[in-house]
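Open the model in your viewer and keep the selection panel handy. We will go from one selection to the next, with a short note on what is there at each stop.

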Amino acid sequence: VVLFFLKQQGQIATQLSTLSIRTRHSMNELDLQTTRDLLDNYRSIGSDILRLIEFIELNVMAVRKILKKHDKLFKMEKISNIYLSKTFTDGFDTHLNQLYHYGGISALVTSLRTGFYELGHHEGFLLGQQQHLQLINDNDNDNDNDN
């Protein structure tokens with residue numbers, strides 16, 4: 001579970017990095033449709049992050065239940081405290097503690113938020129330009145009709 005989580009987290013980070021680089025390199029050349037397409041890509045990555053969090057929460061719950069069942073069956077050899085502890089016990093690292101901390105996920109969400117902000121700001125700029133040009137065209141048409 002932990003290795004899958006780390007692998008998925010890495011893949012999402014790579015997707016975000018690639019999308020961010022693509023966005024920043026072409027920001028001055030983006031039209032409204034391309035901007036919206038990039039926003040859709042960010043939304044898709046956001047959905048992937050949510051699915052990963054749901055997967056991890058489900059698996060952490062399953063691991064807890066399995067460990068509790070083990071402790072119930074083998075009262076003399078309780079192990080749930082070792083595996084479910086959020087701190088290391090006598091240097092014993094189960095790697096499960098990585099599932100309790102969302103540091104990597106938080107970094108992904110921050111990158112996602114930054115991408116949304118930059119593209120949303122750019123989309124607003126493009127919409128403002130589009131409306132400005134429409135007003136100019138409308139004024140020109142009104143002036144032509146007056147003559």
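Is Tyr42 buried or exposed? Select Tyr42 and switch on the surface: with a relative accessible area of 1%, Tyr42 is buried. Bear in mind along the way that this is a predicted model.

Next, add Phe116 to the selection. The ring centres of Tyr42 and Phe116 lie 5.8 Å apart, and their planes meet at 45°, so this pair is tilted. The structure holds 2 aromatic pairs, and this is one of them. Now colour by helix: Tyr42 sits in helix H2, while Phe116 belongs to helix H5 (residues 103-146). With their positions 74 residues apart, the pair links distant parts of the chain. Phe116, at 28% relative accessibility, counts as partly exposed.

Now select residues 2-25, helix H1, together with residues 32-73, helix H2. How do their axes cross? They come within 11 Å and cross at roughly 165°. Angles over 145 degrees count as roughly antiparallel, and H1 and H2 are therefore roughly antiparallel to each other. Their crossing is left-handed.

Show side chains to see who makes the contact. From H1, pick residues including Phe4, Phe5, Ile12, Leu16 and Leu19. From H2, choose among others Leu38, Ile45, Ile49, Leu52 and Phe55; Tyr42, our starting point, is also one of the H2 residues in this contact. Colour the contact by residue class, and you will find 12 nonpolar, 6 polar and 2 charged residues. For the polar side, look at residues including Gln8, Gln15 and Ser20 of H1 and Asn41 of H2. The charged residues are Arg22 of H1 and Asp48 of H2.

Conventions: Residues are numbered from 1 along each chain as its sequence is written. This is a predicted model: local features need pLDDT of at least 70, side-chain atom pairs count only at pLDDT 80 or more; totals for chains, interfaces and linings use all residues. Side-chain values use heavy atoms; hydrogens and water are left out. Axes are lines fitted to C-alpha atoms, for helices over the stretch in contact, and angles run from 0 to 180 degrees between N-to-C directions. Helices (H or I, at least four residues) and strands (E, at least two) are DSSP runs, numbered from the N terminus. Angles under 35 degrees count as roughly parallel, over 145 as roughly antiparallel, 65 to 115 as roughly perpendicular and the rest as oblique. A crossing is left-handed if the near helix is turned anticlockwise from the far one by less than a right angle, and right-handed if clockwise. Contact means heavy atoms within 4.5 Å. Rings of Phe, Tyr and Trp (its six-membered ring) pair if their centres lie within 6.5 Å; planes under 30 degrees apart count as stacked, over 60 as edge-to-face and the rest as tilted. Buried means under 20% relative accessible area, exposed over 50%, partly exposed in between (1.4 Å probe, protein chains only).
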